[in-house]
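Here are my notes from going through this one, written as loose points you can check against the coordinates. Have the viewer open while you read.

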Amino acid sequence: MNLRRLDLNLLVVFDAVMLERSVTRAAERVFLTQSAVSSALGRLRHQLDDELFIRGPGKLRPTPRALELEDPVRALLAELQ
């Protein structure tokens, strides 16, 4: 992954999906449309070469890679704020 090309907004979307476990609720949280969140998630999946979330009954389940990224991403976003 090329960090120079990483859009930090993708990490905001990632964090919202981790918190909500739902694209629809994550979109509401970050004031985007559902399709914008889905698109951002797709770009992040491509950059990280991981699905990040798998559809489960009633919610999205994070992959092991997503769980590994959760705390560092949240800490980075907190630091940037």
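The points below go through the salt bridges, two of the helices, a loop residue and a surface patch.

1. Before anything else: this is a predicted model. Please read every distance and percentage below as a value computed from that model.

2. Let me start with the charged pairs. A search of the whole structure turns up 6 salt bridges. As a reminder of the background, side chains of opposite charge can pair when their charged atoms come close. I'll go through some of these pairs in the next points.

3. The pair I would look at before the others is D15 with R74, a salt bridge with an N to O distance of 2.7 Å. It links distant parts of the chain: D15 sits in helix 1 and R74 in helix 4 (residues 64-80), 59 residues apart. The two ends are not equally covered. D15 has a relative accessible area of 13%, so it counts as buried, the cut-off being under 20%. R74, at 28% relative accessibility, counts as partly exposed.

4. What else belongs to the salt-bridge network of D15 and R74? The third member is E70. E70 lies in helix 4 and is buried, with a relative accessible area of 17%. Leaving out residues up to four places away in sequence, E70 touches F14 and M18. So if you click on E70, expect a buried acid that takes part in a salt-bridge network and also has F14 and M18 in contact.

5. E20 and R29 make another salt bridge, with their closest N and O atoms 2.8 Å apart. Here too the acid is the buried partner: E20 has a relative accessible area of 18%, which is under the 20% cut-off. R29 comes out as partly exposed, at 43% relative accessibility.

6. The salt bridge between R45 and E51 has its closest N and O atoms 3.9 Å apart. If you wonder why this pair is still on the list, it is because the criterion accepts a side-chain nitrogen of Lys or Arg within 4 Å of a carboxyl oxygen of Asp or Glu. Both partners are partly exposed in this case: R45 has 23% relative accessibility, and E51 has a relative accessible area of 49%. For E51, note that exposed would require over 50%.

7. Now helix 2 (residues 23-30). Which of its residues are buried? They are V23, A26 and A27. These residues cover an arc of only 105° around the axis, so they sit on the same side of helix 2. As for what that side faces, the buried residues of helix 2 pack against helix 1, helix 3 (34-48) and strand 2 (60-62).

8. Both ends of helix 2 deserve a look. At the start, a side-chain oxygen of S22 comes to within 3.3 Å of the backbone nitrogen of T24. After the helix comes F31, which has a positive phi, near 60°. You may want to find F31 on your own backbone plot.

9. S22 gets a point of its own. This residue lies in the loop between helix 1 and helix 2. Is S22 buried or exposed? It is buried, since its relative accessible area is 13% and the cut-off is under 20%. Setting aside its neighbours within four places in sequence, S22 is in contact with V17 and L60. As a longer-range yardstick, the C-alpha atoms of S22 and Q34 are 9.7 Å apart, with their positions 12 residues apart along the chain.

10. Over to L11, in helix 1. At 8% relative accessibility, L11 counts as buried. Not counting residues up to four places away in sequence, L11 touches L6, V73, L76 and L77. The C-alpha atoms of L11 and E79 are separated by 13 Å, the two residues being 68 apart along the chain.

11. Last, the surface. L8, L76 and L80 make a nonpolar patch of about 260 Å². L8 is found in helix 1 (residues 8-20) and is partly exposed, with a relative accessible area of 41%. L76 ties this point to the previous one, as L76 is also among the contacts of L11.

Key. Residues are numbered from 1 along each chain as its sequence is written. This is a predicted model: local features need pLDDT of at least 70, side-chain atom pairs count only at pLDDT 80 or more; totals for chains, interfaces and linings use all residues. Side-chain values use heavy atoms; hydrogens and water are left out. Patches are made of residues with over 30% relative accessible area and no salt bridge: like charges are joined within 9 Å, nonpolar side chains (Val, Leu, Ile, Met, Phe, Trp, Tyr) within 5 Å. Accessible areas come from the Shrake-Rupley method with a 1.4 Å probe; for residues, only the protein chains shown count as cover. Helices (H or I, at least four residues) and strands (E, at least two) are DSSP runs, numbered from the N terminus. Buried means under 20% relative accessible area, exposed over 50%, partly exposed in between (1.4 Å probe, protein chains only). The arc is that of the directions from the helix axis to the C-beta atoms. Contact means heavy atoms within 4.5 Å. A polar contact is a pair of N or O atoms within 3.5 Å; within protein, one must be able to donate a hydrogen and the other to accept it, and residues adjacent in sequence count only if both atoms are side-chain atoms.
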